[in-house]
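Colleague: Please pick one part of this model and go through it closely. I work at the bench, so give me the cut-off behind each term as you use it.

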Amino acid sequence: MSESFWKRAYRAVFRPSASHMTGRMISKMILTSLKLHPVALLAQFAGMTSLVTTFWQSEVSRVFLLVWYAFGLAQIYFALRYVRYFWQDRDRVARIRIWVRRWTALAIAAGIIWGVAGPSLMLPLSGISQVVTVAVVVAVTFASWPVYSCWLPSLTGFTLLSLIPLMVTFAVQFGISEALMVLVMIVSCAFILYSGRKLNEMVLASILTDDKNRRLVERLKVEVNQSEKARRQAAHCGRVGAHQRIDFHVGRAGVNRHANGIWSLRFAPRSDCAS
């Protein structure tokens, strides 16, 4: 019973909404998510800059802030490179496994960066500084989850890696009176994962509907072309038949004029419309 439960939980969290997704569908889902990627990257850059600016004059090591900021900028740089090369790759459907691995690696890297920020900036400080840290980390996570929802493993990795360290820090540092904050974080994490899966299903359904409509339109175009071709052939056969009847009557007239010494012989043109 417990094994069945864990299998269902694994499929609900890590497995994509449709296991039969083709490379073209996954490629379209990533392309859809890339339209929101600038918003997520801007939110991450603004969050990193605000945290470094806020804690620059605090007890937090400036070396740590600079190193953490550098890793964050590197992740943003590689994310931009990913967007650029993914758009330029004409064989991205055939190489979709490589692109999915890179996408998941970028999501995990972003999750680790924000997961490190939580405990590192909360433990040395107290009061309003901790509130700022929690607010920024949660805000960046909420701004980024729609982007990573196109591939559920990337969404799960980013969400858990960015929020779980914050939950653990709350549970270790504060007493029972502050445990409500941990509950709020757990609910937020569950909300992000649930919403991400639903968004994944909606995008997938939209892509499947577009593909179905495209196939119907192509089929309709083929049928219209065939109908138009048949109509033109029927019209052509009608004109050929009319010419044949005219030649037949003229030929009879020539035979009737034979008594007057006028010879007229006409042959009807051969046509494929006789059938």
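Modeller: What follows is one pair of helices, and then two residues that lead out from it.

The model is predicted, so local features need pLDDT of at least 70 and side-chain atom pairs count only at pLDDT 80 or more, while totals for chains, interfaces and linings use all residues. Residues are numbered from 1 along each chain as its sequence is written, and side-chain values use heavy atoms, with hydrogens and water left out.

The setting comes first. The chain has eight helices and zero strands (DSSP runs, H or I of at least four residues for helices and E of at least two for strands, numbered from the N terminus). Of its 275 residues, 37% are buried (under 20% relative accessible area; exposed is over 50% and partly exposed in between, with a 1.4 Å probe and protein chains only). Among contacts (heavy atoms within 4.5 Å) with a separation of 6 or more, 78% join residues 24 or more positions apart.

The pair is helix α3, residues 37-55, and helix α4, residues 62-88. Their axes come within 10 Å and cross at roughly 170° (lines fitted to C-alpha atoms over the stretch in contact, with angles from 0 to 180 degrees between N-to-C directions). The two helices are therefore roughly antiparallel (over 145 degrees; under 35 is roughly parallel, 65 to 115 roughly perpendicular and the rest oblique). On the α3 side the contact is made by His37, Leu41, Gln44, Phe45, Met48, Thr49, Leu51, Val52 and Phe55. On the α4 side it is made by Leu65, Trp68, Tyr69, Gly72, Leu73, Gln75, Ile76, Ala79, Leu80 and Val83.

Both ends of that list can be followed outwards. From Val83 of α4, the route goes to Ile30, 53 residues away in sequence and 9.7 Å away in space, C-alpha to C-alpha. Ile30 sits in helix α2, residues 23-34, and counts as buried because its relative accessibility is 2%. Leaving out residues up to four places away in sequence, Ile30 touches Tyr82, Phe86, Ile96, Val100 and Cys150.

From His37 of α3, the route goes to Val147, which touches His37 along with Ser33, Leu36, Ala40 and Trp103, again leaving out residues up to four places away. Val147 belongs to helix α6, residues 128-148. With a relative accessible area of 1%, Val147 is buried. Val147 and Pro38 are 109 residues apart in sequence, yet 9.4 Å apart in space, C-alpha to C-alpha.
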